[in-house]
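Open the model in your viewer and keep the sequence panel visible. This tour says what to select at each stop.

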Amino acid sequence: MKFFALSALVLASAHGAASADDFSPVPESAWLRGDVPTGPLKKIPEGSWSTSAELGAISTSGNTAGTSITGRVDAQQELEDWSNRYTFAGYFKEDEITQADGSRERERAAERYAVSARSALKLMKEGSKLFVYGSHVDDKFGAYTRFTTLAVGHSSQWYKADGKALDVEIGPGYFSGQRAAGEGEKGVTVHGAAALRWQLSDSAQFAQTVSVERGTSNVHSMAESSLSTKINDTMQMKAAFSARSDTNVPVDKKNTDTQTSVTLVYSF
């Protein structure tokens, strides 16, 4: 987290903040399940689509061997009265384990897939919208192996100036999940989220997102910091740190999972 804050300050002092006219507001929050905005830095024209594909991979060999892959596809559509967003994200990790007899076998260490869709109706006040949101997560090694969320509510832009914008949303929702131990869980939630997007320069952007879903027996929260730099008109390099947390988990599971990644983002 400190790395991203320091990077933001360095870039801001080196390049200066972008003007508010060049800044595009935070895309509506399908990022509530970790989908941090990675699309183009400029505002999306009405009646058009903006799509980005993100991929990062690490492969090691020798004394420590393994492979990890993370990726996401993010599609945003802006219409006269509606703003829509669809995302798919995946994370996969496989390690090579040395057995007692000296043989080596590959073992799955992480496998997570998430899909979400969001549609928001634009209201009279700029930045104010009514939204409907749905997401589904499959996490083979998580505290919850399956988690489905539906939510409705109101979102508004609390702040926009000097290349910065802060969006906040809140509303009721419903979730259905399955814990790692096998028992199911469902119920009503209160959903809240906030996202800060800071245009550091013409080629660099910082984003910070936080979301919380409070149910009757568990509080699910997520935070992600990311720093994106533009390579050319269609390519970006993105460094990110994310944390997912559940207050009520099985005894053999930790409350918080973190992930640090460096990925290439292609926008079209």
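A residue is called buried when its relative accessible area is under 20%, exposed when over 50%, and partly exposed in between, using a 1.4 Å probe and protein chains only. This is a predicted model, in which local features need pLDDT of at least 70, side-chain atom pairs count only at pLDDT 80 or more, and totals for chains, interfaces and linings use all residues. Residues are numbered from 1 along each chain as its sequence is written, and side-chain values use heavy atoms, with hydrogens and water left out.

Start with the whole protein chain, coloured by secondary structure. One helix and 12 strands are there; helices (H or I, at least four residues) and strands (E, at least two) are DSSP runs, numbered from the N terminus. Going from the N terminus, the helix comes before the strands. The protein chain has 268 residues, and 48% of them are buried.

Next, select strand 3, residues 82–98, and find Y91 in it. Is Y91 buried or exposed? Y91 counts as buried because its relative accessibility is 18%.

Now show what surrounds Y91. Apart from neighbours within four places in sequence, Y91 is in contact with S68, I69, T70, A110, E111, R112 and Q259; contact means heavy atoms within 4.5 Å. Add A57 to the selection: its C-alpha is 9.8 Å from that of Y91, and the two are 34 residues apart in sequence.

Last, go to D162, in the loop between strand 6 (144–161) and strand 7 (164–179). D162 is not a glycine, yet its phi is positive, about 55°. Most residues other than glycine have a negative phi.
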